Structure formats: C-alpha cells, structure tokens
Amino acid sequence: MSDGKRPIRRALISVYDKTGLADLARGLHDAGVSIVSTGSTAKTIAAAGVPVTPVEDVTGFPEVLDGRVKTLHPRVHAGLLADQRKPEHVSALTELGVEAFELVVVNLYPFTETVDSGAGEDECVEQIDIGGPSMVRAAAKNHPSVAVVVDPLGYDGVLAAVRAGGFTLAERKKLAALAFRHTAEYDVAVASWMGSVLAPEQDGDVSLPPWVGATWRRSAVLRYGENPHQQAALYRNDAAWPGLAQAEQLHGKEMSYNNYTDADAAWRAAFDHSEICVAIIKHANPCGIAVSSESVADAHRKAHECDPLSAFGGVIAANTAVTVEMAETVADIFTEVIVAPAYEPGAVEVLARKKNIRVLVAAEPQPGATEFRQVSGGLLMQQRDEFTAPGDDPVNWTLATGEPADPATLADLKFAWRACRAVKSNAIVVAADGATVGVGMGQVNRVDAARLAVQRAGDRVRGAVAASDAFFPFPDGLEVLTDAGVKAIVHPGGSVRDGEVTEAAAKAGITLYLTGARHFAH
C-alpha cells in the first residue's frame, strides 16, 4: 500500500507496568491478533481470559536465572528483525520455522524508581533491564516491518491502528524514534548511576565526573528567545532536582525565555539567605534584595525601595509563602513574574487581579548542585557558587582596620556579602537595615561599580555598609565608597595592593573586613 500499512497478525508483549494490559490484549484478540508473551505479562493476559502463547513455547527453552533470560533467543529476535520487504528474509523465516512479529509492546524494569527509593546496589542492578531494551531496539530498527510501543498511553492508538489495517510506515517511523529515545534515556540513567554510585571515578581531589550524560525533553515552545527573531523552547530534565523548568504556573500569560532566566536568578538570590527574603531581578541583575525578621511583605517593601524605577516590570522571588499583604502590594506594581514555594489562602486571587502576571510555585533549590554553561564545542561544569567557603562565615573574617563592627553593622555586612553573589561582576552592594540600597553591577572596573552603587543609593549611602564580590585592586574603588559615607566594607582581599587599600580604609576611619573568599558572577 502507498502509505506502507502493514496488517498486524502477531504481537509480542512483555511489560513491567501492567496498566491497560488486559484491555489491550482483549482488543488485539478481538481483532484476530495472536499474542506471545512473557512471565507475569502472560499470566495477566491469561487471567483476563485472553488466549496467549508463553514465550517458552516459541523458543522451546524455559525462562531461567530468575527471569534474566526469557526472550534472548533466535526464534524471538529473528521474528523481530526479519525485514519482510525482502524475499530472502521471508524465505529464511520459512526455512527456520520462525513466525514474524508485526507488533512489539514492551516497557522496561523501573530502574530509576528503584534507585530513587534508596534500594541497595544489588536490587538496583537487578532492575537493569536487558531483554526489554533488546526487543525494543530490534523492533525499532526493523520499523519497515514492525511497530513498537513503549508507553501504556499509546495502547488506544494501537487498537485504532489494528482496526484500520495496521500502522502506516510514517507512524512506525515515529514509534521507532520514540522507542530509541526511551532506551537512550534508560541507558543514560543506568550509566550515570554506575559512574556515580556503583563505580565512582575519582581523579584526585576533583569530584566532577569524567563522563556526564543527561536527557532533556521539550516541554514548551516559547514565543521567541531573548529577542523576537530567535526561536526558543523550554526543555526539562525530569531526572534532576526540580527547578524553574518544573514550576507550576497558577496564573498569567505564558512564560517567556527572559522570564525563565530572570526567575531562575531571582529564585536563587532569594534562597541565598536563611532569613525571610525577597529578591527582585531584571535582566539577570538585582533591582533590590532584602531580608526581614517581621514578614515577607516587609522584605518585599524594602527590596522594592532599593530601586523602584528598575523594579517596574521585574521578576520577584520569595523564599517563603507569599501573604495576602505582600500580594496586595505586588498587585499595584507592574510585575512580570512572581515565584515562591507557596501562597497563603487568598494571595493568588489578589495577584490574579492583574491578568498577565505569571504566578509560579517552585521547589526549593537543591544545595550542592552543579551547573553547566555551553561554550563553542563543549560545556563548562562547575560546582554551584554557594556560601560554603570558610570566608563566607563572618566568624572567620579578618579585621584589617577599624573598630570591630557592632552586631547590627555586622549583620548588614553579612547580608551585603551574600547579596553580592547574585550581582554580575564587577559587583558592589551598598546595604542598610537588611536591604540593598545601591547596587553597582556588571561593570568592567570596580571603580565604576562603586560609583554606580553610590549613585543608586543616593542619600541612603551615609552610614550604610558595602560589599565587593572581589578584591579592590587599587584604593580608588574603596575611596568612592568611603567618600560617599559608607562606614564599613567587606571584600575578599588578596590583591598585591591590599596594604594600600587597607591604608585608605584606615585613613577614612572605617571598618574593613577581609573574607578570603570570592563570588564572581559572569
């Protein structure tokens, strides 16, 4: 036939997930399809009153080794791999007394689920399917003659195709592609587990793996990318820790490419702090970040006050549930996205007064994660920048000059130091009362970053504190801050001119701490 339809006369079924199996078997039998099956699958089909041929009756060989060997036999695989377009293949089957299959229905042992359950190594290894992938790959390779289905969601389509005279060649090609995708994802999961758990490869002190495998599925086609002339889509890796890609949208327009990148940056910035925190991000940089001991609404108010002009059309993230009080304030401000781990009753309804605001619920970021960045011809991988260095704890800071900070000042310095992590380098943060009041971001020299932070802070800079994501290479950047009225500064130190920088701080009469840690962000 011109569409390549091939009638289905004989089916091989071997499934771990028995969902929909009885109805599928009945439908195939009613359509005149003979069924060959394995182990518990055959028992389930027989229990449904449907005639079935056990695979051992086909092979003449019993299932052995606790079911490890069932279908790995020429009488099975010859029936799967015979290209029925070729007369010589058909003749070979006749000479061998082997019948061909036109349909294979297989799903695999639940390896990933077993690993996720915390099972031991032996149990996980036992759930590595061998015969299933072999049948799937054989049938998919031979798609000109065989249709292969690996998901119970496809069973209705199988029965519809059987009644219509078989799958078309185009349909079999699509099923083959899905089948190889299925086995590829399975193999990546097994290889990743073996490389990280069963036989981890250690290269001295380097904890990053010598081989990395992952698969992503497209979950949404976006209107466009960073700019309207760029195509874009969202891909999810559901084997990984859930993040913004898995967030549930409760209200609003579809997410855009830039919405996702800014929401991810805001989400991470909010969880940089253990206190109640709100971060407002625009174009990957903070418009404001603030913490509060009172409420999330108070944290949002302080974050917004940092730079209300830039916060217009920004993305908001909170590290705790959004209250109705906060929602009432946000609803009066043009906001692209708000993301939080939860919303108190009534908060979403308040936010929904704005029909376009995107309201997301997301899981807390994974601690200790790794991150990737694409470069031409490859990927860069690194441990995610978190506050794990000894120098991130103020207890370990070195007082370079000035009086030790009082508790309130030290708390602001700690906040500013953590807020700096979310700012693109070169970064200077001016902070007061647990909130950024001036942010200098993304400058190619630290002097301009300091000037921008001071300019943004205005009169609020006097008596505030400041943090720098990397050392001051010269005194001039620090002097911009001290001349404006900053009373205490924290920076990593490590420059060959640290002495000159410290001398400038001493001359200005301020408190200066060195962390010995750095938080570049590019």
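# Notebook: domains, salt bridges and a few surface spots

**Entry 1, domains.** I started with how the chain is split up: domain 1 covers 10-196, domain 2 covers 242-361 and domain 3 covers 394-514. Note to self: this is a predicted model.

Next I looked up how domain 2 and domain 3 sit together. Their C-alpha centres are 27 Å apart. On the domain 2 side 16 residues take part in the contact, and on the domain 3 side 17 residues do. I also wanted a size for this interface, and that is often given as the accessible area lost when the parts come together. For domain 2 and domain 3 the buried area comes to about 1400 Å², with 49% of it from carbon and sulfur atoms. I found a count of two salt bridges between domain 2 and domain 3.

While I was at it, I looked up D307 and R456. Their side chains form a salt bridge, with N to O at 3.2 Å.

**Entry 2, salt bridges inside a helix.** How many salt bridges does the structure hold? I got 16, and I went through some of them.

R26 and D23 are one pair, joined by a salt bridge of 2.9 Å from N to O. Both residues belong to helix α1 (residues 21-30), and they are three residues apart, which is about one turn of the helix. Is D23 buried or exposed? D23 is exposed, because its relative accessible area is 54% and the cut-off for exposed is over 50%. R26 has 35%, so I wrote it down as partly exposed.

R301 and E305 are another pair. Their closest N and O atoms are 3.3 Å apart in a salt bridge. This time the helix is α12 (residues 296-306), and the spacing is four residues, again about one turn of the helix. R301 is partly exposed at 38% relative accessible area, and E305 is partly exposed too, at 41%.

**Entry 3, a salt bridge between separate parts.** I then checked R353 and E328, whose side chains meet in a salt bridge of 3.0 Å, N to O. R353 is in the loop between α15 (347-351) and β13 (358-361), while E328 is in helix α14 (residues 324-330), so this pair ties together parts that are 25 residues apart in sequence. R353 is exposed, with a relative accessible area of 56%. E328 has 32%, which makes it partly exposed.

I also noted a network of salt bridges that links R268, E371 and R384.

**Entry 4, helix α10.** Helix α10 spans residues 169-198, and L198 is in it. L198 has a relative accessibility of 32%, so it counts as partly exposed. Which residues make up the nonpolar surface patch of about 190 Å²? They are V125, M194 and L198.

E171 is in helix α10 as well. I have E171 down as partly exposed, at 37% relative accessible area. I also looked back along the chain to A161, which is ten residues away from E171, and the two C-alpha atoms are 9.6 Å apart.

**Entry 5, helix α5.** Last stop was α5 (residues 87-96). How many of its ten residues are buried? Just one is, so this helix is hardly covered. After α5 comes G97, and I noted that its phi is positive, near 70 degrees.

Methods
Residues are numbered from 1 along each chain as its sequence is written. This is a predicted model: local features need pLDDT of at least 70, side-chain atom pairs count only at pLDDT 80 or more; totals for chains, interfaces and linings use all residues. Side-chain values use heavy atoms; hydrogens and water are left out. Patches are made of residues with over 30% relative accessible area and no salt bridge: like charges are joined within 9 Å, nonpolar side chains (Val, Leu, Ile, Met, Phe, Trp, Tyr) within 5 Å. Accessible areas come from the Shrake-Rupley method with a 1.4 Å probe; for residues, only the protein chains shown count as cover. A salt bridge is a side-chain nitrogen of Lys or Arg within 4 Å of a carboxyl oxygen of Asp or Glu. Helices (H or I, at least four residues) and strands (E, at least two) are DSSP runs, numbered from the N terminus. Buried means under 20% relative accessible area, exposed over 50%, partly exposed in between (1.4 Å probe, protein chains only). Domain bounds come from an automatic or database domain assignment. Contact means heavy atoms within 4.5 Å. Buried area is the accessible area (1.4 Å probe) that two parts lose on being put together, summed over both.
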